Structures are given as C-alpha cells and as structure tokens.
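Visitor: I'd like a close look at one part of this protein, the sheet. Could you walk me through how it is put together and what surrounds it?

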Amino acid sequence: MKKHKTGIFSGSFNPIHIGHLALANYLCEYEGLDEIWFMVSPQNPLKTQSELWSDGLRLKLVELSINGYPHFQASDFEFHLPRPSYSVHTLEKLRAAYPERDFYFIIGSDNWARFDRWYQSERILKENNILIYPRPNYPVKEDELPETVRLVHSPVFEISSTFIRKALDTGKDIRYFLHPAAWEYIKTNLQYYSANR
C-alpha cells in the first residue's frame with residue numbers, strides 16, 4: 001500500500017501568514033506531498049517563551065487560515081510532548097503514531113545553515129526525509145546535500161512573523177499579509193491591537 005506523503009511544517013507560527021500558506025501550497029502542488037501538517041511548536045529551544053503569543057492563539061490562527069483546504073491540517077501534536085520540544089523526538093513519535101505515512105520535515109535554508117546546532121542533528125538526517133525551502137541570503141549547495149535532504153525551488157517569501165507582530169503593534173493595516181479569517185480574528189479579539197487603532 002502506498003504511504004501518504006505528509007509534510008511536517010513545524011514552527012512557532014507567531015503568527016501564521018501568507019508566506020507560510022503559499023509555501024505549503026507550493027509543496028503540495030509542485031513537490032508531490034499529499035498533505036502538510038502545520039505543527040505549532042509550544043516552545044522553540046532557540047527562542048525565549050516571552051516572544052511567543054499563547055499556544056492556543058497561535059493554533060487558532062492556523063486553524064482559521066487553513067480551514068476548507070483539504071491538503072492542510074493544524075496539529076497540536078507537540079503540545080502533548082515534553083518541553084522544550086526537540087524535532088528529533090517529535091519526528092520519532094510521529095513515525096510511531098502514524099506508520100502509514102511517510103513524513104517529510106520542512107525547514108528553511110536559514111535553519112539548514114545552522115542545522116548542526118540542532119539537538120541530535122545527525123540522527124534527524126539519518127532517520128528522516130528533509131525538504132529545504134529557500135530563504136533570502138541563505139544559499140544551499142545542492143550537490144553537497146545528504147541523501148535524505150532535498151532542496152525545493154519554491155518562490156522566496158520575505159515576510160516574517162516578526163514583521164507581522166511589529167506591524168500589528170503599531171496599528172498597521174496589514175490584512176493582505178494574513179489570511180482574511182486570521183486578520184478578522186486578530187482585529188476583533190486582540191485587545192492590544194484594537195487599542196492602537
């Protein structure tokens with residue numbers, strides 16, 4: 001039986017924006033993935049907790065942003081694992097929980113440039129398929145990639161969640177950088193944003 005090709009797009013999604021969505025859309029339509037799970041990370045070991053919006057808010061915005069598109073799923077899988085959440089453990093638990101799927105771990109070329117800093121990075125490479133997407137100023141030498149790693153040639157999206165948060169903090173109308181449902185939720189429910197209008 002053919003296994004389902006499932007991309008794991010793990011991140012803070014603090015918040016999710018159209019760059020994330022367009023990239024995932026590309027990976028499904030052009031790179032042969034059957035589906036992508038947006039795996040909201042409760043705590044990135046390389047980020048401080050104070051930078052993060054609440055777990056529930058970030059997950060809610062992902063759910064709103066992908067609603068109705070059959071190839072995308074929101075996942076709180078890491079919420080139920082020990083913290084801080086390390087990718088090597090998450091991927092191991094995913095393979096055990098869903099043996100009917102082939103997982104592809106999705107990371108940006110900026111993360112690939114510092115991948116040797118990741119916890120048990122060699123084990124991640126040995127045990128998993130990895131897809132690298134391009135980020136500005138972080139070129140990848142394709143001919144030097146390990147056997148389990150592949151560079152995808154997706155469009156480069158220069159939007160960042162940091163930009164989104166700073167824009168919201170100063171009351172900018174950035175509706176076209178977010179999914180309409182996420183924008184409406186933020187505009188209606190985030191008090192700090194409403195106070196700045």
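Guide: Happy to! Let's start from one pair of residues: phenylalanine 38 has alanine 74, in β3, as its bridge partner. Please keep in mind as we go that this is a predicted model. That pair belongs to a wider contact between two strands, since β2, covering residues 35-40, is joined to β3 by four bridges, and the two run parallel.

Now step back to the whole sheet. It is open and built from six strands, ordered β3-β2-β1-β4-β5-β6, with parallel pairing. At its edges lie β3 (72-75) and β6 (149-151), each of which pairs on one side only. Direction ignored, neighbouring strands in this sheet are turned against each other by 30 degrees on average. As general background, strands of a sheet pair through backbone hydrogen bonds, in either a parallel or an antiparallel way.

Next come the helices that pack on the sheet. Helix α2, residues 55-66, touches β2 and β3, and its direction makes about 170 degrees with that of β3. Helix α3, residues 87-97, also packs on the sheet, where it touches β1 (4-11), β2 and β4 (101-108). The angle between the directions of α3 and β4 is about 160 degrees. Strand β2 is thus touched by α2 and by α3.

Another helix worth a look is α1, residues 18-30. Its 13 residues reach 18 Å from first C-alpha to last, close to the 18 Å expected at 1.5 Å a residue. Its buried residues are Gly19, His20, Leu21, Leu23, Ala24, Tyr26, Leu27 and Cys28. Just after α1 comes glycine 32, with a positive phi of about 80 degrees.

To place the sheet in the whole chain, the protein has eight helices and six strands, which follow one another along the sequence as β-α-β-α-β-α-β-α-α-β-β-α-α-α. The radius of gyration is 17 Å, close to the 16 Å that the globule rule gives for 197 residues, so the protein is as compact as a globular protein of that length. Its C-alpha atoms fill a box of roughly 50 × 35 × 30 Å along the principal axes.

A few totals round off the picture. Among contacts with a separation of 6 or more, 67% come from residues 24 or more positions apart. Of the 197 residues, 47% count as buried. The protein exposes about 10600 Å², with 49% of that supplied by carbon and sulfur atoms.

Terms used. Residues numbered from 1 in each chain as written. Predicted model: local features only at pLDDT ≥ 70, side-chain atom pairs only at ≥ 80, totals over all residues. Heavy atoms only, no water. Pairing = 2+ DSSP bridges. Axes fitted to C-alpha atoms, helices over the stretch in contact; angles between N-to-C directions. Contact = heavy atoms within 4.5 Å. Rg over C-alpha atoms; globule rule 2.2 N^0.38 Å. Buried < 20%, exposed > 50% of the residue type's maximum accessible area, 1.4 Å probe, protein only. Areas by Shrake-Rupley, 256 points an atom, 1.4 Å probe, with all protein chains shown as cover. Expected span 1.5 Å × (residues − 1).
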